[in-house]
Amino acid sequence: MKKILLITGPAGDAQGWGDLSVTQEIAAAIKGSGKDAEIAFVSTMDEFFTAIETKKFDLAWSALYHISGKSETIGMGNGDEKWLADIFDDRKIPYIGPNAATMKALIHKTATHEIMDAHGVPVPYHYQIEQGAPLPEIAFPAFVKPSFESRSVGINDNSVVENRQALEKQVAFIHKEFDQPALVEEYLPGQEYTVLMLGNGRLQEFLPGKVEVDASLFGKYPILRADLRGVGATKITPTSTTTNEAIKVTRKAMEALNCLDHVRADMRLDAKGQLKIIEVNGIPGLKPVKSWSPQMFTLHHPSAGGPMEDYRQLVDHIVTSALTRYNLI
Ligand SMILES: Nc1ncnc2c1ncn2[C@@H]1O[C@H](COP(=O)(O)OP(=O)(O)OP(=O)(O)O)[C@@H](O)[C@H]1O
Ligand SMILES: [Mg+2]
């Protein structure tokens with residue numbers, strides 16, 4: 001029986017698919033699919049090394065990009081410290097998800113934009129602003145956010161800036177609060193969508209969804225503020241007219257970024273109605289059944305058993321497609 005080692009830690013919610021209870025749900029789903037699973041909860045690199053050296057497993061699956069000692073934010077890690085996928089790559093350990101180079105590009109929103117742009121994927125205009133650097137001349141309104149975060153951390157109605165003074169203020173806020181460069185990009189005022197890439201090659205699927213929020217929850221702007229994330233405020237509904245375009249840009253982005261197994265692209269319509277990809281998530285949320293991946297799976301593959309059975313099937317699809325690409329099946 002194939003065994004999956006699920007790796008998580010104090011930052012599992014900030015960096016990855018959710019907290020320890022979510023990891024337990026994933027383990028239950030794997031066991032419910034006739035495979036074995038064990039959880040390694042690691043707080044330090046030493047604990048991580050001990051786990052991979054002492055436990056027996058066929059495939060690793062990590063909720064963590066790196067171990068930084070921070071549990072509420074992601075960032076780019078501690079200087080030269082390796083990321084978990086670096087270690088898996090070095091030791092030739094089979095694992096779920098893209099390789100270390102891609103993981104690093106996905107956390108770094110400017111790097112993601114640049115790779116996509118070079119491959120003809122539509123992205124907003126963007127400037128990464130280091131602490132103390134001069135501000136560029138830009139077209140307003142613009143959007144200001146941290147460069148290396150997730151869960152809408154650092155995003156509220158002040159993220160949309162209409163003039164230079166507001167821009168200066170919000171860039172200074174990001175520098176002070178998150179100690180990382182600010183990302184200033186084109187504000188995309190239109191509808192938000194998300195597309196899940198599931199599996200590889202013959203087993204690959206693209207599942208698109210429209211991100212709906214009760215309009216009364218929005219403040220000045222229709223954006224997903226931090227307080228609207230992880231609380232069940234967003235609902236995934238069918239995409240209708242944008243389906244083909246959303247799949248087309250996502251397929252291009254996933255190929256450009258060398259994505260594998262289970263990766264999600266978030267996008268919005270610009271002021272002219274053109275879809276632009278905002279970011280690509282290398283470890284999408286897997287909270288049953290609130291996260292977008294399970295919601296999208298249920299939207300496209302509803303089973304008679306209901307959403308928790310769909311969740312089991314989603315997890316099994318991810319595990320099986322990774323085992324298949326390593327010829328472990
Ligand atoms: N350029 C933009 N224009 C308009 N809204 C934006 C823009 N960038 C981000 N947003 C809003 O902020 C939200 C969070 O942004 P983004 O997806 O970049 O960050 P994240 O924190 O990495 O999210 P996730 O939890 O999906 O990883 C988006 O879902 C969207 O509603
Ligand atoms: Mg996002």
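Visitor: If helices (H or I, at least four residues) and strands (E, at least two) are DSSP runs, numbered from the N terminus, which strands each supply at least two residues of the shell around ligand 1?

Guide: They are β5 (142-146), β7 (182-186), β11 (262-269) and β12 (275-281), each supplying at least two residues, and β12 gives the most, with three residues. Please keep in mind that this is a predicted model, in which local features need pLDDT of at least 70 and side-chain atom pairs count only at pLDDT 80 or more, while totals for chains, interfaces and linings use all residues. Residues are numbered from 1 along each chain as its sequence is written, and chains are lettered from A and ligands numbered from 1 in the order in which they are written.

Visitor: OK, and which residues around ligand 1 come nearest?

Guide: The shell holds 21 residues, and those that come nearest are F143, S150, L188, L224 and E279; a residue is near the ligand if its C-beta atom, placed from the backbone, lies within 6 Å of it. Sorted by class, the shell has nine nonpolar, three polar and nine charged residues, where Ala, Val, Leu, Ile, Met, Phe, Trp, Tyr, Cys and Pro count as nonpolar, Asp, Glu, Lys and Arg as charged, and the others, Gly among them, as polar.

Visitor: Where does ligand 1 lie relative to the domains?

Guide: Ligand 1 lies between domain 2 and domain 3, because both of them give residues to its shell. The protein is divided into domain 1 (3-97), domain 2 (106-122 + 189-307 + 314-325) and domain 3 (126-186), with bounds that come from an automatic or database domain assignment.

Visitor: How many residues of those two domains are in contact?

Guide: On the domain 2 side there are 15 residues in contact with 14 residues of domain 3, a contact being two C-beta atoms, placed from the backbone, within 7 Å. Helix α6 (residues 109-118) gives the most to the domain 2 side, with three residues, and that side as a whole has five nonpolar, five polar and five charged residues. The C-alpha centres of domain 2 and domain 3 lie 23 Å apart.

Visitor: What about β5 again, which sheet is it in?

Guide: β5 belongs to an open sheet of four strands in the order β4-β7-β5-β6, with antiparallel pairing; two strands pair if DSSP finds at least two bridges between them. Its edge strands are β4 (126-129) and β6 (160-161), each of which pairs on one side only. Two bridges join β5 to β6, and A142 stands opposite V161 in β6. Helix α7 (residues 164-178) packs on this sheet and touches β4, β5, β6 and β7, with a direction that makes about 10° with that of β5; axes are lines fitted to C-alpha atoms, for helices over the stretch in contact, and angles run from 0 to 180 degrees between N-to-C directions.

Visitor: Changing topic: why is helix α9 described as largely enclosed?

Guide: Eight of the nine residues of α9 (residues 292-300) are buried, so the helix is largely enclosed by the rest of the structure. A residue is buried if 20 or more other C-beta atoms lie within 10 Å of its own, exposed if 12 or fewer, and partly exposed in between, with C-beta atoms placed from the backbone. Among the buried residues are W292, M296 and F297, and what covers them includes β8 (192-198), β9 (205-213), β10 (234-237), β11 and α10 (307-325).

Visitor: And strand β1, how many of its residues are buried?

Guide: Five of the six residues of β1 (residues 3-8) are buried. β1 pairs with β2 (residues 36-41) in the parallel sense over six bridges, with I4 opposite A37, while four bridges join β1 to β3 (residues 59-62), also in parallel, where I7 stands opposite S62.

Visitor: Last one: where are the cis peptide bonds?

Guide: One runs from F140 to P141, with omega near -5°, and P141 lies in the loop between β4 and β5. Another runs from P288 to V289, with omega near -20°, and V289 lies in the loop between β12 and α9.

Visitor: Which residue in the loop between α4 and α5 has a positive phi?

Guide: That is K92, which has a phi of about 55° although it is not a glycine, and its place is in the loop between α4 (84-91) and α5 (100-107). K92 counts as exposed, because it has 6 C-beta neighbours inside 10 Å. Most residues other than glycine have a negative phi.
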